[in-house]
Amino acid sequence: MKKITTYLLTGLFLFAAVGLNAQASQECNIKYNLFKGDVNTKKYEQSKENLNYLMTNCASLSVNIYKYGAKAAKNTKDAALYKKVYETRLANFPNKGAAKAHSDYATFLSTNKLASDAEIFNILEKAYKISPKDMGVKNIFKYFKGIVAKYKDSDPQKVFDTYDDVMESVGEKLDDYNKKIGKLLAKDSLGTIDAKEKKRLKGYTINSKALGLVEGGLDADISVIATCERLIPMLSKDFDAKKTDGVWLRRSVSRLYNKGCQTDPLFEKMAKAYADVTQSADAFNFVAGVLERNGDKSGAADMRKKAFDLETDPLKKARLKLREAQGTRNKSRARALAYQALKYNPNMGKAYLFIASLYVKSANSCGNDEFEKRMVYVAALNKAQKAQRVDPGSGAGRYIRSYRGNIPSKKLIFTKGVAAGSAHKVGCWIGETVRVPKS
């Protein structure tokens with residue numbers, strides 16, 4: 001009888017516990033929906049009561065509590081609440097979007113001047129260690145500037161490693177936006193794009209442009225310490241220890257290439273080591289450049305073909321073609337290679353910018369007078385504007401401003417006696433028809 005009574009009592013307790021849990025869960029869901037509704041209707045101050053209840057009683061219900069909570073705290077400029085949201089989120093959801101949570105909190109603190117640069121840097125470092133690609137665009141740049149300031153003299157290798165990590169992350173994001181923008185632009189040109197897709201296209205364009213500015217800013221920051229005079233001794237010292245490390249070799253060869261250090265014997269040694277270790281298309285392409293500089297044009301051509309055939313990703317094929325174009329002295333041939341790159345990635349803004357740069361280099365030789373020479377800049381401007389349109393992250397803005405400043409003025413057009421808006425064929429190897437500027 002005693003056993004039966006015990007079982008009955010246990011059952012009653014379990015039933016009561018389940019009932020209480022169900023009631024609590026129901027209450028949490030009610031509070032959550034009320035809270036979410038307040039935030040979505042911008043009743044941020046009103047939402048705080050339910051937010052605090054949820055963090056106290058239902059902390060692990062959903063990570064969205066903290067996403068909406070951060071929004072409420074941000075819009076009410078409630079620093080204490082934001083801190084509580086941030087810390088409670090990390091305690092309950094340490095592996096769900098933590099990098100973005102750190103990054104967003106750093107932004108809040110910075111915007112409202114609630115923490116020192118060192119404190120903000122430490123939070124950004126946490127975000128970076130988890131996932132650089134999930135950090136806000138401005139915070140990626142801010143973190144890198146902090147690294148440069150802290151380590152440029154004591155540990156330049158850390159600066160370079162961080163630069164490579166960040167640039168690869170930014171590159172992945174830009175490639176992703178490039179694909180998405182390309183698909184939506186195609187729909188836009190056919191008139192089949194809907195309102196939601198137009199909104200997405202606008203968002204992708206804004207984000208891509210911002211990332212392009214970060215890319216340019218990172219390059220400007222590292223250019224102070226990434227000189228051939230500094231890189232070559234440092235990389236030479238590390239070569240024996242790193243000569244079988246494919247990632248280190250790829251990054252080091254790319255850095256030497258980008259800084260124009262290819263004439264140093266170290267570049268050839270590293271390029272060949274990179275090819276031996278990875279047997280990759282990228283590595284073979286660098287070796288092709290070495291062979292060409294050594295006068296082996298046939299060997300270089302064979303190596304480039306090997307690299308190109310080995311690569312399967314259209315975006316990477318486009319990069320290989322553009323790199324070949326950049327290493328070609330004949331401007332007409334270089335342009336043809338850039339157009340080949342565009343066949344594999346029609347939204348490759350850097351290919352259009354490269355063509356524009358070829359035109360600008362020929363401005364003085366492709367015209368008989370000032371008007372004709374300045375019309376070369378119109379052709380270059382058209383290419384830069386195309387780059388901006390199809391690839392907002394290409395960094396075309398500064399080229400557009402520069403080229404626009406060199407097109408024919410109204411006075412020059414009037415003096416020349418041509419009509420604004422009329423067709424004009426740019427001479428010599430360019431051979432491109434453009435319109436005389438209207439303003």
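How far apart are the sulfur atoms of Cys366 and Cys428 in the disulfide that these residues form? In this predicted model, the sulfur atoms of Cys366 and Cys428 lie 1.6 Å apart.

## The disulfide of Cys366 and Cys428

With a torsion of 85° about the S-S bond, the link of Cys366 and Cys428 is right-handed. Cys366 belongs to the loop between α17 and α18 (370-390), and Cys428 to the loop between β1 (423-425) and β2 (433-435), so the bond ties together parts that are 62 residues apart in sequence. Cys366 is buried, with a relative accessible area of 4%, whereas Cys428, at 45% relative accessibility, counts as partly exposed because that value falls between the limits of 20% and 50%.

## The other disulfides

The count of disulfides comes to three, and when the bonded cysteines of the protein chain are numbered in sequence order, the pairing reads 1-2, 3-4, 5-6. Cys28 and Cys58 form one of these bonds, with their sulfur atoms 2.0 Å apart. The torsion about the S-S bond of Cys28 and Cys58 is about -85°, so this disulfide is left-handed. The pair links distant parts of the chain, since Cys28 sits in helix α1 (residues 2-40) and Cys58 in the loop between α2 (44-57) and α3 (64-75), 30 residues apart. Cys28 is buried at a relative accessible area of 9%, and Cys58 also counts as buried, at 5%.

A further disulfide joins Cys228 and Cys261, whose sulfur atoms are 2.1 Å apart; with -95° about the S-S bond, this link is left-handed. Cys228 lies in helix α10 (residues 228-242) and Cys261 in the loop between α11 and α12 (265-278), so that distant parts of the chain, 33 residues apart, are linked. Cys261 has a relative accessibility of 2% and counts as buried.

## Helix α15 and its surroundings

Helix α15 comprises 13 residues (314-326), which at 1.5 Å a residue should span 18 Å, and the distance of 18 Å between its end C-alpha atoms agrees with that expectation. At the start of α15, a side-chain oxygen of Asp313 comes to within 2.9 Å of the backbone nitrogen of Leu315.

The buried residues of α15 include Leu315, Ala318, Leu320 and Leu322, and among them are also the charged residues Lys317, Lys321, Arg323 and Glu324. Among the elements that cover these buried residues are α8 (156-190), α11 (246-258), α13 (281-293), α14 (297-310), α16 (331-344) and α17 (349-361). Lys317 lies over the face of Phe308, at 3.9 Å from the ring centre.

## Aromatic pairs and a further charge over a ring

A search of the whole structure finds 15 aromatic pairs. In one of them, Tyr86 and Tyr105 are stacked, with 4.0 Å from centre to centre and 25° between the planes. Tyr86 lies in helix α4 (residues 79-92) and Tyr105 in helix α5 (residues 98-111), so the pair ties together parts that are 19 residues apart in sequence. Both partners are buried, Tyr86 with a relative accessible area of 9% and Tyr105 with 8%. The rings of Tyr177 and Tyr204 have their centres 5.8 Å apart and their planes at 45°, so this pair is tilted. Because Tyr177 lies in helix α8 and Tyr204 in helix α9 (residues 195-222), the tilted pair ties together parts that are 27 residues apart in sequence.

Ring pairs also link Tyr82, Tyr86, Tyr105 and Phe108 into a cluster. Elsewhere, the charged end of Lys158 sits over the ring of Tyr151, 5.3 Å from its centre.

Technical notes. Residues numbered from 1 in each chain as written. Predicted model: local features only at pLDDT ≥ 70, side-chain atom pairs only at ≥ 80, totals over all residues. Heavy atoms only, no water. Helix = DSSP H or I, 4+ residues; strand = E, 2+ residues; numbered from the N terminus. Expected span 1.5 Å × (residues − 1). Buried < 20%, exposed > 50% of the residue type's maximum accessible area, 1.4 Å probe, protein only. Contact = heavy atoms within 4.5 Å. Polar contact = N/O pair within 3.5 Å; in protein donor to acceptor, adjacent residues only side chain to side chain. Disulfide = S-S within 2.5 Å. Phe/Tyr/Trp six-rings, centres within 6.5 Å; stacked < 30°, edge-to-face > 60°. Lys NZ or Arg CZ within 6 Å of the ring centre and 35° of its normal.
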